[in-house]
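Hello,

As promised, here is the structure I mentioned, for you to open alongside this message. My notes on it follow below, and I would be glad to hear your thoughts.

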Amino acid sequence: MGITGAQLTTLMVHLGWLSILLLTGKLIRARVRALQRLFLPASILGGFLGLLLGPYVLGATGFQLIPGEMLTTWGALPGILINIVFACLFLGFAIPKPATIWREGGPQL
């Protein structure tokens, strides 16, 4: 079972929309001083914008820019992308000697 060109194109379009929402959240945060003082991250602002443009808020009125199909793709991404976070977590740290591991972790057993 392979990935077709249409599936790859769909994935790239969906990731492009996520990138646009994140960039828009960054621009909003850079321009609005009150949001900077609240320490709201750009991802939260982009997420609220995506919520407004999706099927749950504007979609209820009949006008939506983000289709529901995109949400199913986005729903599968966190489970995959968290692997990248954990894989990079200890980059740059030296692996301790077994004696050090036993001395510090032994009491936990």
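H14 counts as buried because its relative accessibility is 4%, which is under the 20% cut-off. Please keep in mind that this is a predicted model, so every value in this email was computed from predicted coordinates. H14 sits in helix α1, which covers residues 5-31. Setting aside residues up to four places away in sequence, H14 touches E69, M70, T73 and W74.

Two of those partners turn up again in the largest nonpolar core: M70 and W74 belong to it together with L21, L53, I66 and L77, six residues in all. Helix α4 (residues 68-87) gives the largest share of this core, three residues. As you know, nonpolar side chains in soluble globular proteins tend to be buried together. Core residue L77 also has contacts with L15 and L18, leaving aside its neighbours within four places in sequence.

T10 is another residue of helix α1. With a relative accessibility of 33%, T10 counts as partly exposed, since that value falls between the 20% and 50% limits. How far apart are the C-alpha atoms of T10 and T73? They are separated by 9.2 Å, with the two positions 63 residues apart along the chain.

Now to the overall picture. The protein has five helices and zero strands, and the pattern along the sequence reads α-α-α-α-α. Its radius of gyration is 21 Å, whereas a compact globule of 109 residues would come out near 13 Å. The C-alpha trace spans about 65 × 50 × 25 Å along the principal axes. Of the 109 residues, 14% count as buried. Among contacts with a separation of 6 or more, 37% are between residues 24 or more positions apart. The accessible surface comes to about 8700 Å², and carbon and sulfur atoms account for 72% of that.

Helix α3 deserves a look of its own. G46 has its place in this helix, and at 4% relative accessibility G46 counts as buried. Which residues does G46 contact, leaving aside neighbours within four places in sequence? They are L21 and G25, and L21 is also one of the residues of the largest nonpolar core. From G46 to P67, 21 residues apart along the chain, the C-alpha atoms are separated by 16 Å.

I44 lies in helix α3 too, which runs over residues 42-53. Is I44 buried or partly exposed? At 37% relative accessibility, I44 counts as partly exposed. I44 also takes part in a nonpolar patch on the surface, along with F48, L51, L52, Y56 and V57. Together these residues have about 590 Å² of accessible area.

One backbone detail to finish with. F39 is found in the loop between α2 (33-37) and α3, and F39 has a positive phi of about 60° although it is not a glycine. Most residues other than glycine have a negative phi. At 67% relative accessibility, F39 counts as exposed, because that value is over the 50% limit.

Do write back once you have had a look.

Best wishes

Note on methods. Residues are numbered from 1 along each chain as its sequence is written. This is a predicted model: local features need pLDDT of at least 70, side-chain atom pairs count only at pLDDT 80 or more; totals for chains, interfaces and linings use all residues. Side-chain values use heavy atoms; hydrogens and water are left out. A nonpolar core is a set of buried Ala, Val, Leu, Ile, Met, Phe, Trp, Tyr and Cys residues joined through side-chain atoms within 4.5 Å. Buried means under 20% relative accessible area, exposed over 50%, partly exposed in between (1.4 Å probe, protein chains only). Helices (H or I, at least four residues) and strands (E, at least two) are DSSP runs, numbered from the N terminus. Contact means heavy atoms within 4.5 Å. The radius of gyration is taken over C-alpha atoms; the globule rule is 2.2 Å times the number of residues to the power 0.38. Accessible areas come from the Shrake-Rupley method with a 1.4 Å probe; for residues, only the protein chains shown count as cover. Patches are made of residues with over 30% relative accessible area and no salt bridge: like charges are joined within 9 Å, nonpolar side chains (Val, Leu, Ile, Met, Phe, Trp, Tyr) within 5 Å. A salt bridge is a side-chain nitrogen of Lys or Arg within 4 Å of a carboxyl oxygen of Asp or Glu.
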